[in-house]
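Here is a short set of exercises to work through with the structure open beside you. Try each task first, then compare your steps with the solution.

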Amino acid sequence: MSSSLRKAAVAVRENAHAPYSNFKVGAAIRAGSGAIYVGCNVENVAYPEGTCAEAGAIAAMVAAGETKLSEAYVVAGSDLPVTPCGGCRQKLAEFGAGDVAVTMATTGGIEQQTTLADLLPGAFGAAHMKG
Ligand code: THU
């Protein structure tokens, strides 16, 4: 796992808007071009309107004109590495193949690596809409 992804995720986490959960999350993804896109969680007083760090990073990637995800890194200030929520697993799977590496980390330095396929077995995909 590249240290530049970790650096980017740790840095953007500082900008998280998480006054309700006090749980700041940073995400960094590498796109097909090699460029890194970042996102942080943005909570809202109307709680369901909040968005996850991964969603922000994906939105930044797509806004920049890229649609291929090759690597992802998520970091939080928890004791255990934070795992992407169910919705974010589906969002990541929209742009990344099953073998894409996802590193889940703590600000303290613990890292746990998995893949998109392991995070979302049996993912709903475009093939399911055929026929
Ligand atoms: N959160 C993320 O941003 N990403 C994750 O992978 C897990 C959870 C955010 C959503 C909410 O703002 C806060 O963490 C607590 O759930």
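Helices and strands here are DSSP runs, numbered from the N terminus, with at least four residues for a helix and at least two for a strand. Keep in mind that the model is predicted.

**Exercise 1. Place Y37 in the fold, and decide whether Y37 is buried or exposed.**

Solution.
- Step 1: Look up the element. Y37 sits in strand β2, which covers residues 36-40.
- Step 2: Recall the cut-off: a residue is buried under 20% relative accessible area.
- Step 3: Apply the cut-off. Y37 has a relative accessible area of 14%, so Y37 is buried.
- Step 4: Look for a partner far along the chain. A72 is 35 residues away from Y37 in sequence, with 9.6 Å between the two C-alpha atoms.

**Exercise 2. Find the salt bridges and say which parts of the chain they link.**

Solution.
- Step 1: Start with the general idea. Side chains of opposite charge can pair when their charged atoms come close.
- Step 2: Count the hits. The whole structure holds 2 salt bridges.
- Step 3: Take the pair of R13 and E14. Their side chains meet at 3.9 Å, N to O, inside the 4 Å limit for a salt bridge. R13 has a relative accessible area of 14%, so R13 is buried.
- Step 4: Take the pair of R30 and E71. Here the N to O distance is 3.3 Å. R30 belongs to strand β1 and E71 to strand β3 (residues 69-76), so this salt bridge ties together parts that are 41 residues apart in sequence. Both R30 and E71 are buried.

**Exercise 3. E71 has other distant partners in sequence: how far from E71 are the C-alpha atoms of S2 and A101?**

Solution.
- Step 1: Begin with S2, in the segment before α1. S2 and E71 are 69 residues apart along the chain, and their C-alpha atoms are separated by 9.3 Å.
- Step 2: Classify S2. With a relative accessible area of 22%, S2 is partly exposed.
- Step 3: Move on to A101, in strand β4 (residues 96-106). A101 and E71 are 30 residues apart along the chain, with a C-alpha separation of 5.2 Å.
- Step 4: Classify A101. Its relative accessibility is 17%, so A101 counts as buried.

**Exercise 4. Examine the loop between α1 and β1 through Y20 and N22.**

Solution.
- Step 1: Fix the borders. Y20 is in the loop between α1 (3-13) and β1 (25-31), and N22 is found in the loop between α1 and β1 too.
- Step 2: Check Y20. Its relative accessible area is 39%, which makes Y20 partly exposed. Together with V45 and Y47, Y20 forms a nonpolar patch on the surface, with about 370 Å² of accessible area for the three together.
- Step 3: Check N22. At 65% relative accessible area, N22 is exposed.
- Step 4: Inspect the backbone. Most residues other than glycine have a negative phi. N22 has a positive phi of about 55°, although N22 is not a glycine.

**Exercise 5. Describe the largest pocket: what is its volume, and which residues are closest to its centre?**

Solution.
- Step 1: Read the volume. The largest pocket holds about 240 Å³ of space.
- Step 2: List the lining. There are 17 lining residues, and the closest to the centre are V25, N41, E43, T51 and C52.
- Step 3: Sort the lining by type. The lining divides into 9 nonpolar, 6 polar and 2 charged residues.

**Exercise 6. Locate A117 and relate A117 to F95.**

Solution.
- Step 1: Find the element. A117 lies in helix α4, residues 116-119.
- Step 2: Classify A117. Relative accessibility is 36%, so A117 counts as partly exposed.
- Step 3: Compare sequence and space. A117 and F95 are 22 residues apart along the chain, and 12 Å separates their C-alpha atoms.

Note on methods: Residues are numbered from 1 along each chain as its sequence is written. This is a predicted model: local features need pLDDT of at least 70, side-chain atom pairs count only at pLDDT 80 or more; totals for chains, interfaces and linings use all residues. Side-chain values use heavy atoms; hydrogens and water are left out. Patches are made of residues with over 30% relative accessible area and no salt bridge: like charges are joined within 9 Å, nonpolar side chains (Val, Leu, Ile, Met, Phe, Trp, Tyr) within 5 Å. Accessible areas come from the Shrake-Rupley method with a 1.4 Å probe; for residues, only the protein chains shown count as cover. Buried means under 20% relative accessible area, exposed over 50%, partly exposed in between (1.4 Å probe, protein chains only). On a 1 Å grid over the protein atoms alone, a cavity is a set of points where a 1.4 Å probe fits but cannot get out, and a pocket is an open set with protein on both sides within 12 Å along at least five of seven lines; lining residues have an atom within 4 Å of a point. Grid points are joined across faces, edges and corners, and a volume is the space filled by probe spheres set on the points. Ala, Val, Leu, Ile, Met, Phe, Trp, Tyr, Cys and Pro count as nonpolar, Asp, Glu, Lys and Arg as charged, and the others, Gly among them, as polar.
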